[in-house]
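Student: I would like a close look at a single part of this model. Please take one helix and then set it in context.

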Amino acid sequence: MPSLQLRSASVFLIASVLISASLATAQQPTPPPKPAIDSLMDLEQLMNIEIVVAGSKRAQDSRDVASFVSVVSAAEIREHGYRTLADVLRTLPGFYVSSDRNYSYIGVRGFSRPGDWNSRVLLLLNGVRTNESLYDLAYIGEEFSVDMDLIDRVEVIRGPSSALYGSNAYFAVINVVTRAGSSLAGTEITTSAASFGTYAGRASFGRTFTNGLDLLVSGTYSDAKGRDLFYPEYDAPLTNNGLANGVDHEEFHKLLVTASKGDFSFQANTVSREKGLPTGAYATIFNDGRTRTTDGLSLASLTYHRALSNSASFSTRLHAGRYTYDGEYAYYTDQLPNKDISVGEWVGLELDAARKIGTRQFLTVGAEFRDNFKQFLTNYDPEPYVLYSETRNSSMREGVFAQDEIKLADPLMLYAGVRLDHYDGFGLATSPRLALIYTPTPATTLKLLAGRAFRAPNEFELYSVSPGYTSNRTLEPEHIETLELIAQQFIGGGVQISASAFRNRLTDLIEPSVDPANPYFYGNLASTHSRGLELGLEVNRGHGLEGQLSYSLQRTEDRATSTTLTNSPGQMVQAQLRSPIPGTGVIAAMDAQYMSDRRTVAGNVAGAHTLTNFSLFAPRTLGRFDLSATVYNVFGIRYGDPVREGFAQDVIAQDGRSFRVRTTLHY
Amino acid sequence: MSERRSIIKRLLILATLLFGVRVEAQNPMSESQVKAMFVYNFLKFVEWPVDTSAGAKDPFVVLIIGEGATADATEHFLESKTIGERPLVVRRIRWDQSLAGVRAAFVVEPDVRRLHHILDAAAAAGVLTIGEGESFTTRGGVIALLVEDRKVRFDVDTAAAQSARVRVSSKLLALTRVVRSSTDRSQR
């Protein structure tokens, strides 16, 4: 009986998504779903209702109180018109983002290394790891797993969290929490148009059914023609005088299904994106439309969370993933492009249990197993056939962790955590973390944090060989040690000020070599030292004016040479402001990010710049439509980001002024 | 024949009853939705000191302090409702903002010291405080929502109600799981 219900429900919802997609322009109002039970029941009736006990999605928040945490809400994403996670991250204190017109790269506290596809940041989707098993990469551009409209909030936990999460939780953990089906209560259709021939559409359906099943199904498709670009480095007759025409295209689709009922929750998602490379990267033929990359990531997980009582809980999760990368690099006009292919497949199991001990302690213990049963990397020329490399591997990772929260005195808490990981080929790694949290008054919090984390070399760094690149199988894990002091003070009227001082020491950093005369390879090539200070001001007047302002001062240098690292700005200022325009129901939002200059790989300088974006958001126009318009880089500032080795350009120019308009229909 | 028919009839009735009960039992709502309805009902069973400055149709302001599914559901549920002829107005504020001119507040604050700050301010301003978990009333909140055996229950602290100068009706107290009168705040 329930399975029949479930089946008819899924048929219904697939039908609804299809129908609503076809009605997208017809604006046919459908009656809203009838509330399950009359919303004005009296107390006696309420006393008899059986409820669905809330799931585990919030359970892990508390584990990370012992960090500097930022949360960006769905409202902020909507009102500021953030298009990607990269847009969100560049507004956070200490974070910056750079791009090579294919992928976006996260910088944290003055640290963003060339040749690192965000492997030093752990990116979670509803608590499930999205970093894949070959490059450990985290997607933050359009190739990120879910549509931005489906995000309920983005939680960003700074500092090493390897004590809880193991490898990759190095500079930060980013957890993207998606909306529940109940928050849609029907169907949403979004269409958008943006600069450079970009068109996108989304159809989503979600609701809670009367049997307690909460369901969300959503699909997104986008196609962008891209920009015509000019690169002075290629300004010669043989390379089309530096003009890259029609080779900046980007196309993607993504699907998400989440379902939860009682103690169980399920999610599955898939994304595939194809991007043209307009930059002539990796010595490919400039302005050749055949050079492109296609990235795919599919994830599925089932989580069971049980609150045993108010003071104990248990949860377990089974998850699986598949990552595919298909790169085509045109090196010869008369031959098929070189193929760079990767496939990673894995399954994993996570267990954790939390329990209050007496009145002063809260203990969390857990274990994690991951079987990377397929790790396939190859690079070849199809015709004439030349095989540069082919690696078929599999590996196991196991980890156990424990964290204890101890109330030492009323205003003083101690968090002590440790995690032990075993990686095939690298043995055991220990990641400890200690935090002291002192709240002398309700308005004041002081935190002292210390931790150590590690990152094991990934498959790509160990084994990949392609034209101009060689492998290095002697790589060792790299380590980070951090120390941080945070002070937060509420000063009344919804105003909070905060300050954070940090010191990071990285040892045996895994980096690509820089000598273009020899094949590039990855080695444990550097040790670095970072120091910095972040100051923040946050104003929140409920439904009125809201804003954040932050300043970061940081210096990250190579310990051997005492020179500042490349792509490491010394100072940043970030501001966001949102306010309703009185009497209109429209919300105006602006955000701006200043970044000081950055050294490049070739020893030049990418100049300081300020980006300013401006948005208007009109919710529920005519009762059913959300309208929004955003101008990005309002002042058309010219700027560029430093890029890794393998580019003729030292700095890749970024977009000038651009716009996006959107409508979302709810019914 | 007629006997058999009546047996079938009885079985059918029995099956309907069982099935009917089962259908009802299989109709759970989300915890936060149910809690939101409770919050609305509490407002109807609490009396405040007469405010001569407020008109019979003036807005009745309820604050929501903190984040979470119940806070969201409560905001959503109360938005279009009324208390008598007074339209309910819901405002979300931060824990350190003023409670003046307000009748009730739904409070979610995991930090115990901040929670005490809010509850002290609420008692001084004559604000009914509603929260979640047993510890909410032991720490000085007036009404705490909690879940027992998959059903929502609530505790009332009459001493806290008194210090906030609100009167909880006997009808509400009759349905209360635990009525506390914790003048002793040693647990704080």
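Student: Why does the distance between the end C-alpha atoms of helix H2 (residues 31-44) of chain B agree with what its 14 residues should span?

Tutor: First, the ground rules. This is a predicted model, where local features need pLDDT of at least 70, side-chain atom pairs count only at pLDDT 80 or more, and totals for chains, interfaces and linings use all residues. Residues are numbered from 1 along each chain as its sequence is written, while chains are lettered from A and ligands numbered from 1 in the order in which they are written.

Now the helix. Helices (H or I, at least four residues) and strands (E, at least two) are DSSP runs, numbered from the N terminus. The expected span is 1.5 Å times one less than the number of residues. For H2(B) that gives 20 Å, and the end C-alpha atoms lie 21 Å apart, so the two agree.

H2(B) is mostly covered, with 12 of its 14 residues buried (20 or more other C-beta atoms within 10 Å of a residue's own, with C-beta atoms placed from the backbone; exposed means 12 or fewer, partly exposed in between). Among the buried residues are B:Val34, B:Met37, B:Phe38 and B:Phe42. Polar ones are buried too, including B:Glu31, B:Gln33 and B:Lys35.

Next, confidence. Chain B averages a pLDDT (the predictor's confidence in each residue, from 0 to 100) of 79, and 79% of the residues score at least 70. Residues 18-28 of chain B fall below 50. So do residues 184-188 of chain B. Where pLDDT is low, the predicted coordinates should not be read in detail. The model scores ipTM 0.75 and pTM 0.78.

Methods: Two residues are in contact if their C-beta atoms, placed from the backbone, lie within 7 Å.
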